[in-house]
Amino acid sequence: MLPRQRLEWVEGWGMAVGAAGYVFRPTTIDGVRRTLAEAAREGVPVVVRGAGRSYGDAALRPESVVLDLSRMDRVLAWDPATGVIDLEPGVTIRRLWRYVLGDGWWPPVVTGTMTPAVGGCLGMNVHGKNNWRRGTFGEHCLELDLVLPTGELRTLDAQADAELFRAVVGSFGQLGVITRARLRLEAVASGRVEVEAVSAPDLETALRLADEAKDDWEYVVGWLDGFTRGRRLGRGLLHFARHLEGGEDPAPAQSLRLEHQDLPDVLLGLVPRSVMWRFMRPLTNRPGMRLLNAGRYLVGSTVGEGARYRQSLAEFNFLLDYVPGWKRVYEPGGLIQHQSFVPAAAAAGVFRRQLELARRRGLPPFLAVLKRHRPDPFLLGHGVDGFSLALDFPVRGRRRRELWALVRELAEPVVEAGGRFYPAKDAALPGDLYRASFRDGQLERFHALKADMDPQHRLRSALADRLLYGEG
Amino acid sequence: MARRFETALVVGASSGIGEAVARRLAEQGCRVALVARRAERLRAVADEINAASEDERALAFPHDVLAAEEVPDLLQEITRGLGGLDLAVYAAGRQHAVAFDEFDTGKDLEMVGVNLAGAVAWLNPVAERFGRLRRGTIVGIGSVAGDRGRSANPAYNASKAALHTYLEALRNRVGRYGVRVVTVKPGFVDTPMTRGQGRLPWLISADRAAELILRAARRGAVTAYVPVRWRFVMLAIRSVPSFLFKYLKV
């Protein structure tokens, strides 16, 4: 019997899905092995969990052993001369950038929040606002250690073991437990970026502007108003940014210091960051969000049009951390996100259809984010030469089933267009559509590796059951 | 807010109210673990439920509630089999026919064992689990008979009264964590237990009782008389002073 005192409610970050699990938090590789052995003795599957920042069910599975690696959070080696760092999987993006910035380095790929852990970033192969330029997180990993369900430890080199390495990264933790990662970071001359903000009156313009900006700017990200229709559908604001080069920052040593990077304690000049979500909550409904989206576009397309300004790296990259606990505005049902990747030529048609569908079903996205992407070399990669649109939906008890049905409708045109999906954010994508998005034998190759490395299917997750194994 | 139940455990599911509750839950799409002593009968109920649905909704776990030591392991096996647990219903019950001048300790202790000790054995680990997870609903099937000490069946009355008090204490213990504990007090329900007791007033079917019980569970009622009219009847009966109550033939 598994120890009852280890039983915890384990949730996706979006709070819309969760499950009871027996949580083990090892601090060493031996601890990982012991956990795997105990689960094997009980015949219970193991789900690997990092910081728990995946929106949906990537890091949970009902009544399973949860191998929580957040306490394996040591920096093992750091070479400020080369920018190569060895980390345990529980080190967060926050810890990483704060560790290296003073030496003039920055992680080449970061998510919109600094809270995910490195193990999860590799397991889900996350991307940032610079996917066109820098690819995914896994593309900057040089080497990793993997503990197999048998307890065997393997070291995979990104070049020498390219095939297996590219299968493990982005495989939802289904082929082994990452216990060490060696990353190559990016040298930065300043702790600041230059940002340009432009507006787009419709979806097609937003796509065109993002495409034109992709080669000139390091970062390209667009916010779209999901409440619009007709000729205004998909209007939004785009932000482009680039690192300052040598000589552009009058005080680079100062901007590379951590105190320069701290996010503001007070927002709008008045509200403490920690309580901001309470002010946002009354507006987190359809009329309120329609108003906020319209207001944001109005301000951005008038007084903010063409604005150029400088921000710290943390301020620009970690927008989601401005309001701590902001997800609580979605309580009690939580939120889900659907992010689809569509080849450039089909993006306008597919995204237009998605936004129209959501509006017609009475379930408009409260937040819509557009990014430019490139293909990635990983076995279960999600990148395409095109765009992604991430749509945030509140989950309301009575409309939960309708929302899940809407996700199927949103995903169908993506598959037809040869697009892909982003499992790190997913909670509701039907498995048949996910599997249909792979057409070149990738899934068959994955299953062959799974049979070889984890023949007992000890490593599972609710997400993998649904998307990879067609269960749940 | 009304709760949805996707996974449930029903102890005492081979007949009567427990069986009806299990059938209704399965009809509503819930996966149900059926627990009862009579293995053959239990499997037959599970097979009938599964034959009526597209997927396997009922899992049978033969078990005698008097074997308290089996419960922790069995509960873990059940939650793994179900993939979770949202609702636990303790519906196992025993009522022996007792003559007015009969003082059969064996019969009485068996009733106390099934009606009370079995409930404690099951609901303690369930409450611990729900409290730890900060969610879940517990339903205990008591009886209007537990509201007064009637001369007809002292041990049965006492076991149900004790069950009510146990459930109240459990509610006070884990309610603060968002766990709901519902005390159900049915009146006369047409079950194998009541058959042969002559003509009973306001007799309702087990299925009707199950419907009312699940309605109370979803809304998280504290105490639910089934049907509700018994609340008023028992209010009146509880108001009768003891020196008069001893003369009443109830």
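**Strand 5 of chain B and an open sheet in chain A**

In chain B of this predicted model, strand 4 (residues 87–90) and strand 5 run parallel and are joined by 4 bridges. Within this pairing, Y90(B) has G140(B) of strand 5 as its bridge partner. Between these two strands of chain B the chain passes through helix 4 (residues 105–133), and the resulting β-α-β crossover is right-handed.

Strand 5 of chain B is also joined to strand 6 (residues 180–186) of chain B, here by 5 bridges, and this pair runs parallel. One of the contacts in this pairing links I141(B) with its bridge partner V184(B) in strand 6. Helix 5 (residues 154–174) of chain B carries the chain from strand 5 to strand 6 in a β-α-β crossover that is right-handed.

The surroundings of strand 5 (residues 137–141) of chain B fit into this picture as follows. Because 5 of its 5 residues are buried, the strand is largely enclosed by the rest of the structure. In a regular strand, side chains alternate between the two faces of the sheet. In strand 5 of chain B, T137(B), V139(B) and I141(B) point one way, while I138(B) and G140(B) point the other way, and all are buried.

Turning to chain A, 8 strands form an open sheet with antiparallel pairing, in the order 17-12-14-13-19-20-18-21. Strand 17 (308–312) and strand 21 (420–421) of chain A are the edge strands, each pairing on one side only. Strand 21 of chain A is joined by 2 bridges to strand 18 (residues 335–343) of chain A, and the two run antiparallel. Here S340(A) has F421(A) of strand 21 as its bridge partner.

Terms used. Residues are numbered from 1 along each chain as its sequence is written. Chains are lettered from A and ligands numbered from 1 in the order in which they are written. This is a predicted model: local features need pLDDT of at least 70, side-chain atom pairs count only at pLDDT 80 or more; totals for chains, interfaces and linings use all residues. Two strands pair if DSSP finds at least two bridges between them. A residue is buried if 20 or more other C-beta atoms lie within 10 Å of its own, exposed if 12 or fewer, and partly exposed in between; C-beta atoms are placed from the backbone. A crossover is right-handed if, with the strands pointing away from the viewer, the path from the first strand over the helix to the second runs clockwise.
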